[in-house]
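Trainee: I should like to request a close look at a single part of this model. Please explain it step by step.

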Amino acid sequence: MHDHDVSSSMNMDNTLHCGFVAIVGRPNVGKSTLMNRILGQKISITSRRPQTTRHQVMGVKTEGGVQAVYVDTPGMHVMKKDRNRAINQFMNQAATQALRDVDAVVFIVDRMRWTEEDDIVLSRLEHVKAPVILAVNKVDWVEDKASLLPALEELAKKRDFAAILPISARLGTGVEALERQIASFLPEGPFYFPEDQITDRSQRFMASELVREKVMRQLGDELPYRLTVEIERFQEKVSTRTGDPVVHIDALLLVEREGQKKILIGEQGSRLKRIGQEARIDMERLFDSKVMLRLWVKVKRGWSDDERALKSLGYDLD
């Protein structure tokens, strides 16, 4: 996947180029999958449910003389009157804020399916001054490739896009071409981050996102969105037995109702155990260390409705 030619065309004269790139799109079009593909490892969580990416996760990709700092914006939601909750407003606000100071925007749409939500994202981009690249995702699902051209021509009428590229975030098709296009829009200037840095998010945050992802994967539609993960302990110790480093992580899963707690724990704790096992395997890979993970579930009523509670749980726009 990592083609070192991605940035070579930018770096003929040894100048450095660095800038911010926002990835936008309606929920579930493949934003997180694309970011993971570009960065070559998992930093943004992927799940089949909308509203999974709540934070403005930043991923940094440095290659050749180019550093692209990716902002994975939260899903831009249709505000329905009955769901006008604090968390919904927070996510919309965060998405709009993320677009203010970027050098390029990647707008992801699903190959043949344009919805009302895509229109809303498009309207949010109206006042964006940065070039907007349209990435048409999931082209691997299109059997008749000839049918793709008229679809792309239709999309081209919606806005004067800086470029329109068919991609498959899942398979990596067209992603290098997309990266080259992004690189061409990044201004000249020094790197913002050390070359080996992949994310500016703390390890604590990464740990909480991995637990949330496993919950989403396990529960599918059984658990509503109102779940958050708080990391109560993140401590690196050296094993007295082997002398190797071990990361001790205690995570608290907060839900809003007793019934949700039961679902999450499962029959004799079986579900929580499975969530813990899967999250631990991913954490060990991410932190390159042995991990001891303990999970608890606690009921905290009304947290997703209360802006103060949101701030205390780390949903902060700074």
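Trainee: Is Phe107 buried or exposed, and what is its relative accessibility?

Mentor: Please keep in mind that this is a predicted model. Phe107 has a relative accessibility of 0%, so this residue counts as buried, since buried means under 20%. Phe107 also takes part in ring pairs, and there are four aromatic pairs by the rule that ring centres lie within 6.5 Å. In one of them, the ring of Phe107 meets that of Trp114, with 6.1 Å between the centres and 75° between the planes. The pair is therefore edge-to-face, because an angle over 60 degrees places a pair in that class. Trp114 is partly exposed, at a relative accessible area of 23%, whereas Phe107 is buried.

Phe107 forms an aromatic pair with Phe161 as well; here the centres are 6.4 Å apart and the planes stand at 40°, which makes the pair tilted. This contact joins distant parts of the chain, for the two residues are 54 residues apart. Phe107 belongs to strand E4, which covers residues 104–110, while Phe161 lies in the loop between helix H4 (148–156) and strand E6 (163–166). With a relative accessible area of 10%, Phe161 is buried.

Taken together, Phe107, Trp114 and Phe161 are linked into a cluster by ring pairs. Trp114 has a further contact: the charged end of Lys158 sits over its ring, 4.4 Å from the ring centre.

Key
Residues are numbered from 1 along each chain as its sequence is written. This is a predicted model: local features need pLDDT of at least 70, side-chain atom pairs count only at pLDDT 80 or more; totals for chains, interfaces and linings use all residues. Side-chain values use heavy atoms; hydrogens and water are left out. Rings of Phe, Tyr and Trp (its six-membered ring) pair if their centres lie within 6.5 Å; planes under 30 degrees apart count as stacked, over 60 as edge-to-face and the rest as tilted. Buried means under 20% relative accessible area, exposed over 50%, partly exposed in between (1.4 Å probe, protein chains only). Helices (H or I, at least four residues) and strands (E, at least two) are DSSP runs, numbered from the N terminus. A charge sits over a ring if NZ of Lys or CZ of Arg is within 6 Å of the ring centre and within 35 degrees of the ring normal.
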